[in-house]
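I opened the model to look up how the ligand is held, and then how the protein around it is organised. These are my notes.

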Amino acid sequence: MSNDAILKIKDKEYSLPMIVGSEGETAVDARKLRNQSGCITYDEGYGNTGSCQSDVTYIDGEQGILRYRGYPIDQLALDSDFVETAFLIIYGDLPTSEERAVFAKSLNENASVHARMLHLFEGYPRDAHPMAILSAMVNSLGCYDPHLATNDHKRDLENFSEAAAIAISKVRTIAAVSYRMSQGLPIIYPKIELPYCDNFLHMMFSDPYREYLATPEVSRALNLLLLLHADHEQNCSTSTVRMVASSGANLFASTAAGICALWGPLHGGANMAVIQMLESIHAEGDDGSRFIEAAKSGTGGKRLMGFGHRVYKNFDPRAKIIGKACEELLDSLGIEDPCLDIARHLESAALKDDYFIERKLYPNVDFYSGIVMRAIGIPLNMFTVMFAIGRMPGWIANWKEVASNPKGKIYRPRQIYTGPVKRDYVSMEKR
Ligand code: CMC
């Protein structure tokens with residue numbers, strides 16, 4: 001008996017092969033359907049569409065499972081750090097100690113941005129959003145190392161490790177420079193001897209007369225935050241990276257497009273929106289109850305930001321980890337943040353409320369990440385930038401999959417046209 005799926009359109013049957021993933025996930029392969037039947041599949045928002053086969057990340061949204069290259073996120077969160085996890089995601093296996101040292105060294109050696117590139121920052125208005133600057137600068141990186149950005153995947157892959165190290169390392173430096181510029185502060189250059197996260201905090205918060213030294217708690221919290229964001233399979237920004245890469249575009253152009261996709265409030269921008277929501281609830285003297293009612297009725301377009309997820313329908317494992325880390329960090333730093341109390345109240349009220357239960361809406365990673373970033377001292381308009389720094393390894397790994405696929409095709413969905421049917425042009429005088 002064939003394992004194919006049978007689709008009947010009008011009176012004709014079409015046999016569609018099944019694809020099974022390594023965790024038993026099944027898909028109906030509809031690639032030949034249009035040629036056979038003239039029909040396309042319609043799935044606005046791609047909620048039920050597999051756009052690729054990928055070895056990087058596995059998610060089971062019903063069970064709340066997230067694994068990078070097979071390793072459960074809770075194990076990595078407990079014992080790994082961002083640099084090791086980035087290596088795992090990009091190269092497919094945990095590094096040996098030698099590989100880890102080489103990788104860390106290449107990140108340190110590539111931390112500075114080109115002196116001429118620093119002038120680009122000066123052209124931006126002081127209040128420019130750092131996400132706009134970040135995407136423009138990441139795209140520009142290819143201009144300073146053109147041998148890494150040829151838009152010929154075969155050639156770009158020959159120098160992949162160098163390009164990957166530059167992207168991961170410099171995205172952090174660009175982020176810190178854009179913050180310093182927006183504050184009118186002098187640029188702080190990276191220090192080669194500092195670990196990845198400590199170096200970022202140094203570039204953000206040191207000044208010429210006083211060096212910022214990250215405490216182990218803060219360093220650990222930042223590592224965890226970035227690690228939890230490091231990949232998340234075919235979300236909006238990663239799919240964008242793959243889409244752009246599929247045209248043959250280089251790593252920097254493709255990841256810059258991912259940064260733009262991440263910016264919106266329904267994706268990476270949610271971490272900013274959560275804090276804005278919590279602050280406005282606090283300012284209005286609400287404990288969250290009035291806001292929940294507004295989010296349920298959709299009054300004023302309100303949603304409970306940091307809640308809900310396209311894939312997770314039980315819990316977001318990242319939210320559990322970061323919620324706990326958030327409390328530990330605030331405790332260890334002796335910070336009392338009223339937003340944490342409001343967030344806790346919102347969470348427990350929403351989890352008991354039929355509206356959220358029926359729609360399977362749970363806190364996502366962004367619900368507590370903003371409070372962690374605030375405790376570290378990251379300003380609000382940098383929150384989504386932090387997400388972008390964390391997501392860079394995932395974007396890079398997905399770019400590599402697209403670039404390395406010898407049978408790869410340009411991503412080019414179809415549509416159902418709903419505009420006017422054919423009509424004849426009428427010249428201006430006759431209109
Ligand atoms: N507050 C109130 N209602 C909600 C929310 C929310 N946060 N999220 C979804 N709903 C409702 C929605 O109104 C709809 O109700 P109905 O069936 O009555 O029309 C139902 O739940 C399904 O929502 P949807 O918009 O069709 O679901 P989606 O899978 O398209 O959207 C989402 C997923 C994450 C965009 C959405 O849940 C949302 O807007 N959440 C708030 C923004 C947010 O926190 N985004 C960060 C996502 S995690 C980080 C990342 O990976 O980007």
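I looked first at the polar contacts of the ligand (pairs of N or O atoms within 3.5 Å) and found an oxygen atom of the ligand 3.0 Å from an N or O atom in the side chain of R359. Taken alone the ligand exposes 930 Å², of which the protein buries 73%, with accessible areas from the Shrake-Rupley method and a 1.4 Å probe.

I noted that this is a predicted model, in which local features need pLDDT of at least 70 and side-chain atom pairs count only at pLDDT 80 or more, while totals for chains, interfaces and linings use all residues. Residues are numbered from 1 along each chain as its sequence is written, and side-chain values use heavy atoms, with hydrogens and water left out.

I then looked up backbone partners: a nitrogen atom of the ligand is 2.7 Å from a polar backbone atom of L304, and a nitrogen atom of the ligand is 2.9 Å from a polar backbone atom of F307. Of the 18 residues around the ligand (a heavy atom within 4 Å), H267, R303, L304, G306 and R310 come nearest.

I next checked the domain assignment, automatic or from a database, which gives domain 1 (5-42), domain 2 (67-267 + 379-403) and domain 3 (270-376). The centres of domain 1 and domain 3, taken over C-alpha atoms, are 40 Å apart.

Last, I asked which residues L134 touches beyond its neighbours within four places in sequence. I found L134 in contact (heavy atoms within 4.5 Å) with V171, I174, A175, I259, V385 and A388.

Key:
A polar contact is a pair of N or O atoms within 3.5 Å; within protein, one must be able to donate a hydrogen and the other to accept it, and residues adjacent in sequence count only if both atoms are side-chain atoms.
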